[in-house]
Amino acid sequence: MDITKKFENLDNDKQQRIINAALKEFAENGYEKASTNRIVNSAGIGKGMLFYYFKNKKALYHYLTDYTLDIVKNEYLTLIDTTEPDFIERMKQAARVKTKARSDNPDTFNFLGTLLLTSEGEVSADQLKKIQELQKLGNSKIYDNIDNTLFRDDIDVDKAFKLVRWSIEGYQNEISAQLAGRKMSSINLDPYWDEFYEYLDILKTSFYK
């Protein structure tokens, strides 16, 4: 990692001001079009100071990537209740946790939306591995230890489980496609969550006893 110890030694408020300004800039404009001039202006520091803390724009982007992935893990994925055996209820709970995490870290989750669409060349090999590990953890948090007996007796449970999963993933993919290319920070996601909950209720009525 190209971050310098000098940045880590800054007081927390100044660190957070720089981080938030950079997260917002990358989220709104992507890696290639992100401007370090806008970042330093928003953070209220000189451009020379930014490159005093970080070697270059890519080093800053790599730092933000690690910062974001840590928040996703610690403030979202680890908080999903895996003791809930009802698949659809677990999905609802996970959605609520994600909503809270996003509300507390809006710039971080806006950056995450951009990060997942980024070119592999913009993140390190270690970070790609970390992203894959987080995706695996996310799948485990959602799908492990589900009580399949909640499904109706007259349907194939494994197929029903896959249909529920595909329906949810399909909806998420559709929304991601709709939002691709838009500024994540300008989108009100509340209607999407409301619709998501409605679809989960329909799935529960269709497949559960």
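**Figure 1. An all-helix chain, from a predicted model.** The protein chain has 10 helices and zero strands, and the model shown here is predicted. Read from the N terminus, the elements simply go α-α-α-α-α-α-α-α-α-α. Put the C-alpha atoms in a box along the principal axes and you get roughly 70 × 30 × 30 Å.

**Figure 2. What is covered and what touches what.** Out of 209 residues in the protein chain, 42% are buried. Take the contacts with a separation of 6 or more: 73% of them join residues 24 or more positions apart.

**Figure 3. The surface and the charges.** About 11,500 Å² of the protein chain is accessible surface, and carbon and sulfur atoms own 48% of that. As for charges, there are 30 positive and 33 negative ones, and their mean positions sit 6 Å apart.

**Figure 4. Helix H6, end to end.** H6 covers residues 87-104, which makes 18 residues. From the first C-alpha to the last, H6 reaches 26 Å, close to the 26 Å expected at 1.5 Å a residue.

**Figure 5. The start of H6.** Look at aspartate 86 here: one of its side-chain oxygens comes to within 3.0 Å of the backbone nitrogen of isoleucine 88. Isoleucine 88 is also buried, as is Phe87 beside it in the sequence.

**Figure 6. Buried residues along H6.** Which residues of H6 are buried? The run Arg90, Met91, Lys92, Gln93, Ala94 and Ala95 is among them. Further along, Val97, Ala101 and Arg102 are buried too. So the buried set mixes residues such as Met91 and Val97 with Arg90, Lys92 and Arg102, where buried means under 20% relative accessible area.

How values were computed: Residues are numbered from 1 along each chain as its sequence is written. This is a predicted model: local features need pLDDT of at least 70, side-chain atom pairs count only at pLDDT 80 or more; totals for chains, interfaces and linings use all residues. Side-chain values use heavy atoms; hydrogens and water are left out. Helices (H or I, at least four residues) and strands (E, at least two) are DSSP runs, numbered from the N terminus. Buried means under 20% relative accessible area, exposed over 50%, partly exposed in between (1.4 Å probe, protein chains only). Contact means heavy atoms within 4.5 Å. Accessible areas come from the Shrake-Rupley method with a 1.4 Å probe; for residues, only the protein chains shown count as cover. Lys and Arg count as positive and Asp and Glu as negative; His and the chain ends are not counted. The place of a charge is taken as NZ of Lys, CZ of Arg, CG of Asp or CD of Glu. The expected span of a helix is 1.5 Å times one less than its number of residues. A polar contact is a pair of N or O atoms within 3.5 Å; within protein, one must be able to donate a hydrogen and the other to accept it, and residues adjacent in sequence count only if both atoms are side-chain atoms.
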